[in-house]
Amino acid sequence: MDEARLVEFEQAAVQLMSPPYVVSVEGRKKAEMVFLELRKTQLPYEICKSILEHSQFDYVLFQAASTIKEGVIKEWHVLSSLEKQHLRDFILNYLTTRENLASYVAEQLLHVVAVMVKRSTLETDKHQLFDSIFTVVTQLLAASSIKMRHLGCSLLSSLLTEYASSSGSSGMGLPLDFHIQCKRVIEEEEVLRILQFAVQVLHQYSSAIWPALSGEDIHLLLGFVRLTSQVLHWDFRQSTFRTPALNSSEVAIVPLRPPSSYASTFLDTGFLGVFFKLLLQARRSEEHTHYIIQCLTQLASLTRPVFASDQEQQVYVATFVSGVLGYVQAVSDLNQQELFGLSCILRRLVTTHPARHFSPLPGVQLELLLRSLTHLTCLCAQAPLNTRLSEEGQATHQESLEHFLEVWVSLLEGDGIYPTQLLTQALVSVFQAYIQSKLSAPRGWAGNPLCDDEEEEEGEIVGDNDDDQ
């Protein structure tokens, strides 16, 4: 591509990015046509590669990336296997050598890679295909630059998004069966490897001192926590696609039912501890706490075929209960978000795992579980006494209370597991706290102003009568 063509693209970008009072309507339309003509070009890959290599305008780079993506989708069958591989390698190399690339340009190029990988899934050896991708990810995560490590996280996230659902993937004009087959192909090994990449990074940060982390480190940690949440919300049910959430912070409730190949990761003795450590360290960050709680809520629903026996499931439940109890003991000032998160985690744990899996818990741990659950339930029950809470806060505490009450109902179904006397005392305490919240006046109540006025009026009438007498 000659320099004059590149200048034309960059001038068009200036026209489109300028405010309306600077550019005429006709000038803006001409600028739009420049990029529309680029999109209509057949096999535009060499032109777009030249733009990516030589232009300094982010908008022009984004248009080049978008054109490559559209071209790959439309002309997939026209490209040879070698051309596809060279194009994919070019984009990956470009991304790894442009540290200062604008984030939205990098994200678009990552989408292109994800589309090309998914489109190749059923056509090539998947092991060779993903080995090349994971080799790049390994190099990125080992880089000293946090931006490069974040790029590796974004690449894995783009792949998951492209494969996870037909609605979340790019429009390829292919039948639903294609998307389902691609999803099945990567579930056994590749999704697991993505989870292992994420947990490896989380493990590194779980032992770090939170105040000592830089802003870039905290942002990178958030990216990997969200990536882990993506994997844990993967729908492993066959022939099923998850309905997308309304926004990035909402996720559909999907049971965690991975294949047995995930057992060594989920049943590792230190696996759950990583999440509870991170929850304790990041508790002052609402966003980090939100996603870590999502991860733990999903992990609470983990069940067969990962567990080969009841004994493995009992050990997992015991480890999970220890993590929850350790967190409750370590935090004396649980906030609203944490209470709600713990209520979701415990409700999912007791409703997923039968009561018999709690019976092997040591007596001391069972007693501590009941006492902690009593404490948490009473905190939520007494929320109406706190006049400083907003209506939204009161509603959240009410929902948390309902979750904890569901936990109690599940516990009561396990006859003979818990010490009768201790269970009775716990239930009485919960009942009294609930009744008190319904009958007591709000804390700090200074009397009813209306009643006070009426009493004053009565006093005045009596006083007048006395004078008359």
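User: Why is E190 called buried?
Analyst: E190 has a relative accessibility of 2%. Buried means under 20% relative accessible area, exposed means over 50%, and partly exposed is in between, with a 1.4 Å probe and protein chains only. The value for E190 is 2%, so E190 counts as buried.

User: What is the basis of these values?
Analyst: This is a predicted model, in which local features need pLDDT of at least 70 and side-chain atom pairs count only at pLDDT 80 or more, while totals for chains, interfaces and linings use all residues. Residues are numbered from 1 along each chain as its sequence is written, and side-chain values use heavy atoms, with hydrogens and water left out.

User: What makes the pair E190 and K126 a salt bridge?
Analyst: A salt bridge is a side-chain nitrogen of Lys or Arg within 4 Å of a carboxyl oxygen of Asp or Glu. For E190 and K126 the N to O distance is 3.0 Å, so the pair fits the definition. E190 lies in helix 10 (residues 190-206) and K126 in helix 7 (residues 126-141), so the salt bridge ties together parts 64 residues apart in sequence. K126 has 15% relative accessibility and therefore counts as buried.

User: How do you know that R356 and D310 form a salt bridge, and which parts of the chain do they link?
Analyst: Their side chains meet at 3.7 Å, N to O. R356 is in the loop between helix 16 (336-352) and helix 17 (363-381), whereas D310 is in helix 15 (residues 310-330). The two are 46 residues apart, and the pair links distant parts of the chain. R356 has a relative accessible area of 46% and D310 one of 30%; R356 is therefore partly exposed, and so is D310.

User: Which residues are joined into one salt-bridge network?
Analyst: R283, R284, D333 and E338 are joined by salt bridges that share partners. The structure holds 16 salt bridges.

User: Why are K30 and E26 called exposed?
Analyst: K30 has a relative accessible area of 54%, so K30 is exposed. E26, at 53%, is therefore exposed as well. The two form a salt bridge, their closest N and O atoms being 3.7 Å apart. Both lie in helix 2 (residues 25-40), four residues apart, about one turn of the helix.

User: What makes a stretch a helix here, and how many helices and strands are there?
Analyst: Helices (H or I, at least four residues) and strands (E, at least two) are DSSP runs, numbered from the N terminus. The chain comes to 20 helices and zero strands.

User: How do you know that the span of helix 8 is close to the expected one?
Analyst: The expected span is 1.5 Å times one less than the number of residues. Helix 8 (residues 146-164) has 19 residues and reaches 27 Å from its first C-alpha to its last, close to the 27 Å expected. Of its 19 residues 15 are buried, so helix 8 is largely enclosed by the rest of the structure.

User: How does helix 6 come out on span and burial?
Analyst: Helix 6 (residues 103-120) has 18 residues and reaches 26 Å, close to the 26 Å expected. Helix 6 is mostly covered, with 14 of its 18 residues buried. E107 is found in helix 6; E107 has a relative accessible area of 30% and is therefore partly exposed.

User: What does E107 touch?
Analyst: Contact means heavy atoms within 4.5 Å. Not counting residues up to four places away in sequence, E107 touches S154 and S158. The C-alpha atoms of E107 and S154 are 7.5 Å apart, and the two residues are 47 apart in sequence.

User: Why is S206 called buried, and which backbone oxygen lies 2.7 Å from its side chain?
Analyst: S206, in helix 10, has a relative accessible area of 4%, so S206 is buried. The backbone oxygen of H203 lies 2.7 Å from a polar atom of the S206 side chain. Leaving aside neighbours within four places in sequence, S206 is in contact with V274, K277, L278 and Q281.

User: How much of the chain is buried?
Analyst: Of the 469 residues of the chain, 48% count as buried.

Notes: A polar contact is a pair of N or O atoms within 3.5 Å; within protein, one must be able to donate a hydrogen and the other to accept it, and residues adjacent in sequence count only if both atoms are side-chain atoms.
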